Amino acid sequence: MKASAPSEHSVGSVNAAEIERLLESVKDPEIPVISIRELGVLRGVKVENGAVEVTITPTYSGCPAMDFMRMEVERTLKQAGIGNFQVKQVLSPAWTTDWISDSGRKKLLDFGIAPPPHSADIRALKGGSPAIACPHCGSTETEMLSQFGSTACKALYRCKACKEPFDLFKCH
Amino acid sequence: MSEQEALFRYTLRMGDNSLVLGHRNSEWCGHGPVLEEDIAQANIALDLIGQARNYLTYAGEVEAKFRPSALPTGQAGPLRTEDDLAYLRGEREYINVQLVELPKGDYARTIVRSFLFDAFHLPLQQALTTSKDERLKGIAEKAVKEVTYHLRHSSEWLVRFGDGTEESHRRAQEALDDLWRYTGELFTPDEAEEVLAKAGIAPKLADVKQEWSATVDRVLKEATLKRPADGWMASGGKKGIHTEHLGPMLAEMQTLQRSYPGVEW
């Protein structure tokens with residue numbers, strides 16, 4: 001893919017909020033309805049003397065989507081004519097599902113993925129009896145089929161009311 | 001041994017343990033006993049290989065600081081990357097514990113091996129979240145959440161096998177009796193581990209062993225399995241001396257980079 005040449009005009013005038021808005025178009029490739037900001041992967045944008053620094057953090061150590069999301073951030077910035085930037089990856093503080101925004105949780109649900117319980121409920125989850133509502137019919141009569149689902153961040157559930165299987169975004 | 005050299009060996013070992021076990025677990029991909037377990041093993045392998053990437057990247061950076069002579073022609077770089085360390089080291093240069101390199105065996109054996117390692121890995125990662133080394137601390141903060149799920153998974157399956165049918169109980173007990181001799185090495189510190197324990201960078205393995213032992217007793221009891229007596233213990237992995245199984249595994253894992261050096265896609 002060919003990036004457009006950086007434009008001198010836009011570089012000097014960008015601010016962090018504009019870049020965050022711009023990066024709203026970068027989605028999780030596995031869950032294409034949710035942006036990396038809503039997912040909590042985008043940790044911050046700094047602009048100093050015209051140099052842009054974007055900080056991202058992986059959801060899981062081995063998340064295979066991380067390299068893709070980084071490339072998308074770089075491509076988006078280049079396309080907007082921003083040439084002077086750096087994408088930094090940090091591990092600490094460690095990503096948590098509590099960082100998924102309310103709009104992100106709503107989009108997960110609409111997409112058919114049950115949003116994660118808040119970490120205050122993690123003990124309940126580990127004890128194996130959380131009340132997870134089915135994203136299709138809303139029933140809490142659900143059961144876990146496997147702690148490990150279609151991607152590292154999801155567990156596999158089944159709804160006993162509507163009989164549909166679904167993914168739960170795991171509490172992390 | 002200087003603290004920098006100890007840190008290099010330590011991060012290299014953490015990476016090797018995760019990489020080798022991750023590779024072994026990935027051998028179930030497409031061969032799992034049921035679909036859910038096939039997916040679970042692939043996910044766990046992915047976590048472990050992701051952790052290995054973090055450790056090996058760091059190990060390369062640490063090495064470049066304490067041993068500039070390891071770099072080509074005395075240049076300031078390039079340092080050994082995660083890929084160099086994973087794909088271009090021979091068997092004797094791998095310093096993982098022997099437990100993780102053993103063949104996957106049947107599913108009972110895979111679960112018993114994972115359980116014995118996970119029960120060690122979790123308290124180790126928990127302790128590393130308070131390491132004085134910021135980088136090790138950051139990697140551990142991430143890993144500890146993943147390893148919590150790993151231990152839960154292997155514990156549940158161990159109970160299912162142990163407290164299951166006569167056949168599943170027999171196979172789980174046999175695997176346990178057979179693998180027990182590889183657990184001693186987990187808790188026998190080498191010089192690097194001693195240097196870092198003194199510096200507050202890594203935990204004392206004796207402390208990790210206490211927690212491991214309590215977890216093992218608790219889960220084995222629920223699984224109606226018998227804890228084997230401590231007898232002769234295998235060792236050598238931490239010094240690069242391995243069982244006959246690591247070489248063939250590495251040959252397969254490294255074949256692409258060995259056949260086509262520097263290939264990328």
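**Exercise 1. At what angle do helix α2 (residues 35-66) and helix α4 (residues 107-128) of chain B pack, and how far apart are their axes?** Then classify the pair and describe the contact.

*Solution.* The model is predicted.

Step 1. Start with the general idea. Two packed helices are described by the angle between their axes and the distance between the axes.

Step 2. Read off the values. The angle is about 40 degrees, and the axes of α2(B) and α4(B) lie 13 Å apart.

Step 3. Classify. Angles under 35 degrees count as roughly parallel, and 65 to 115 as roughly perpendicular. An angle of about 40 degrees therefore makes α2(B) oblique to α4(B).

Step 4. Give the handedness. α2(B) crosses α4(B) in a left-handed way.

Step 5. Find the residues. α2(B) contributes Glu37(B), Gln41(B), Leu48(B), Gln51(B) and Tyr55(B). Among their partners in α4(B) are Tyr107(B), Ile111(B) and His121(B).

Step 6. Sort them. The contact of α2(B) with α4(B) has five nonpolar, five polar and one charged residue.

**Exercise 2. Describe how helix α1 (residues 3-26) of chain B packs on α4(B).**

*Solution.*

Step 1. The angle between α1(B) and α4(B) is about 150 degrees, with 12 Å between the axes.

Step 2. Angles over 145 degrees count as roughly antiparallel. So α1(B) and α4(B) are roughly antiparallel to each other.

Step 3. The crossing of α1(B) and α4(B) is left-handed.

Step 4. On the α1(B) side, the contact residues include Tyr10(B), Met14(B), Leu21(B) and Arg24(B). On the α4(B) side, they include Arg113(B), Phe117(B) and Leu124(B).

Step 5. The contact residues of α1(B) with α4(B) divide into six nonpolar, seven polar and two charged.

**Exercise 3. How many disulfides does a search of the whole structure find?** Check two cysteines of chain A.

*Solution.*

Step 1. Recall the bond. A disulfide is a covalent bond between the sulfur atoms of two cysteines.

Step 2. State the count. The search over all chains finds zero disulfides.

Step 3. Take Cys153(A). Its nearest cysteine sulfur belongs to Cys63(A), 6.7 Å away. Cys153(A) is buried, at 10% relative accessible area.

Step 4. Take Cys159(A). The closest cysteine sulfur, in Cys137(A), is 3.6 Å away, which is too far for a bond. The cut-off is 2.5 Å. Cys159(A) is buried too, at 1% relative accessibility.

**Exercise 4. How many helices and strands does chain A have?** Add its burial and its contacts.

*Solution.*

Step 1. Chain A has six helices and nine strands.

Step 2. Of the 172 residues in chain A, 46% are buried.

Step 3. Take contacts in chain A between residues at least 6 apart in sequence. Of these, 55% join residues at least 24 apart.

Note on methods
Residues are numbered from 1 along each chain as its sequence is written. Chains are lettered from A and ligands numbered from 1 in the order in which they are written. This is a predicted model: local features need pLDDT of at least 70, side-chain atom pairs count only at pLDDT 80 or more; totals for chains, interfaces and linings use all residues. Side-chain values use heavy atoms; hydrogens and water are left out. Buried means under 20% relative accessible area, exposed over 50%, partly exposed in between (1.4 Å probe, protein chains only). Axes are lines fitted to C-alpha atoms, for helices over the stretch in contact, and angles run from 0 to 180 degrees between N-to-C directions. Helices (H or I, at least four residues) and strands (E, at least two) are DSSP runs, numbered from the N terminus. A crossing is left-handed if the near helix is turned anticlockwise from the far one by less than a right angle, and right-handed if clockwise. Contact means heavy atoms within 4.5 Å. Ala, Val, Leu, Ile, Met, Phe, Trp, Tyr, Cys and Pro count as nonpolar, Asp, Glu, Lys and Arg as charged, and the others, Gly among them, as polar.
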